[in-house]
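The following exercises concern a predicted model. Each task is followed by a solution in steps.

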Amino acid sequence: MIIELEGNREDSLRKISELAEKYGNTLERIQGRGPVDTLHVIGDPKGLAQHMEYLETIPGVGRVWRISSSYKNIARRVASEGQRSVMRESRIVEIPGPDGKVRRFGGEETVFIVGPDSVQTEEQVFEAGRKIAALADKLDIRHRVMLRAGAFKPRTRPTDFRGMGLDGIKLLDKVREETGIPYVSEVMDHTLVEELAEHLDCFQIGTRNAQDFKLLETVGDTGKPVILKRGFGNDAVEWFNAAEYIANRQNLNIMMCERGVKTMYCGNGYNRFTPDLNVITYAREQTVLPVIYDPSHAAGDDRLVVPNMLAALPYRPAALLVETIHEESFRSEQLCDAKQALAMDPLEHAIRAVMDFEKVILPHLSNAQHYFSHRPS
Ligand code: PEP
Ligand code: MN
């Protein structure tokens with residue numbers, strides 16, 4: 001639900017806030033360009049919706065819009081009436097690091113989320129962190145780099161390496177302390193969410209747990225940033241509704257991550273998953289959330305990761321999530337996703353290519369896109 005309210009109506013704002021609070025909702029006030037602000041009701045709006053008529057009688061209140069979409073808290077289009085559509089602004093998720101830099105997802109620049117599939121040894125994860133930090137400093141993009149590594153691993157076979165668990169998380173804490181770079185790690189079990197929230201900077205909910213509703217809600221309750229991978233059998237709307245489970249708990253720090261879907265072409269020797277690039281644009285248009293892209297899991301092979309990553313650039317992902325390996329000699333020891341891990345040298349070239357894309361190609365792309373946003377309907 002969206003409530004239009006004239007600015008400087010503090011009394012009215014208080015009345016609306018009290019009523020919203022009664023139903024467990026919070027209000028987010030978005031300053032309008034003109035004299036009217038919009039109040040976004042965050043959380044389940046059913047209770048408050050019973051008072052639509054009353055709300056419209058409060059002094060300074062203009063229109064009250066009910067959002068018809070099933071993913072109300074994250075939908076881009078709030079309402080339409082005749083020719084007029086009410087659209088919400090894109091959201092930016094910010095993750096600060098101990099180095100004093102803030103990683104901004106959904107801003108102008110693409111962020112790089114890089115690191116190994118999983119934490120395996122102390123030496124491995126420290127070396128990975130150091131090399132990534134050195135590369136970030138060399139390219140002067142520290143504010144655009146976040147670390148990743150799994151400590152709790154979803155595996156297809158129960159006897160495979162399933163991660164170091166909490167010990168792995170503690171190692172990642174130390175790597176963050178040394179490098180100053182924040183990190184994201186996967187959570188699979190809702191009973192661990194509270195404890196993990198004390199450690200990591202961002203949760204990841206993986207493709208296999210993308211519809212674990214209890215997990216989504218529990219992560220939502222922490223208010224912490226979360227990367228939600230698309231369930232590999234989910235259509236886009238199922239994915240948006242999974243995100244809505246988090247948003248419904250009044251946590252809008254969500255980043256949507258496309259990582260490839262299962263199709264009839266998967267497993268034919270060249271396609272671990274089929275990357276769905278068009279969905280990046282769709283998710284950005286349909287929701288207000290940053291949309292990121294993981295070129296590693298669809299590729300399944302390190303030689304395909306860079307082309308896969310660069311292919312996604314015109315779709316303007318807010319971040320690229322890339323699995324890396326700190327040292328080629330470690331590949332034979334790596335216990336999960338070894339084949340797709342990108343070495344530091346091609347990673348550097350790929351990042352340089354992204355930066356060149358931003359400088360040289362992006363202005364042309366923006367000019368071409370201008371046509372679509374300005375043509376008469
Ligand atoms: C991962 O990021 O290592 C991972 C398990 O990803 P996904 O859930 O996309 O398979
Ligand atoms: Mn992986």
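**Exercise 1.** Determine which residue just after helix 5 takes a positive phi, then characterise the helix itself.

*Solution.* Step 1: the residue is Gly-180, with a phi of about 85 degrees.

Step 2: helix 5 comprises the 14 residues 166-179, which at 1.5 Å a residue should span 20 Å; the end C-alpha atoms are 20 Å apart, so expectation and model agree.

Step 3: buried positions in helix 5 are Gly-168, Ile-169, Leu-171, Leu-172, Val-175, Arg-176 and Thr-179. Because these residues cover an arc of only 155 degrees around the axis, they lie on the same side of helix 5.

Step 4: the face turned away from that buried side carries exposed Asp-167 and Glu-177. The cover over the buried residues includes helix 4, strand 10, strand 11 and helix 6.

**Exercise 2.** Establish how the buried residues of helix 1 are arranged around its axis.

*Solution.* Step 1: Leu-13, Ile-16 and Ala-20 are buried in helix 1. Their directions fall within an arc of 70 degrees, so they line one face of the helix.

Step 2: exposed residues on the face turned away are Asp-11, Arg-14, Glu-18, Glu-21 and Lys-22.

Step 3: among the elements covering the buried residues of helix 1 are strand 1, strand 2 and helix 3. Gly-24, with a positive phi near 75 degrees, follows helix 1.

**Exercise 3.** Classify the residues in the shell around ligand 1.

*Solution.* Step 1: the residues surrounding ligand 1 are Asp-117, Gly-150, Pro-154, Gly-206, Thr-207, Arg-208, Lys-229, Arg-259 and His-297.

Step 2: by class, this shell has one nonpolar, four polar and four charged residues.

Methods. Residues numbered from 1 in each chain as written. Chains lettered and ligands numbered in written order. Predicted model: local features only at pLDDT ≥ 70, side-chain atom pairs only at ≥ 80, totals over all residues. Helix = DSSP H or I, 4+ residues; strand = E, 2+ residues; numbered from the N terminus. Expected span 1.5 Å × (residues − 1). Buried ≥ 20, exposed ≤ 12 C-beta atoms within 10 Å, placed from the backbone. Arc of directions from axis to C-beta. Contact = placed C-beta atoms within 7 Å. Near = placed C-beta within 6 Å. Nonpolar A, V, L, I, M, F, W, Y, C, P; charged D, E, K, R; others polar.
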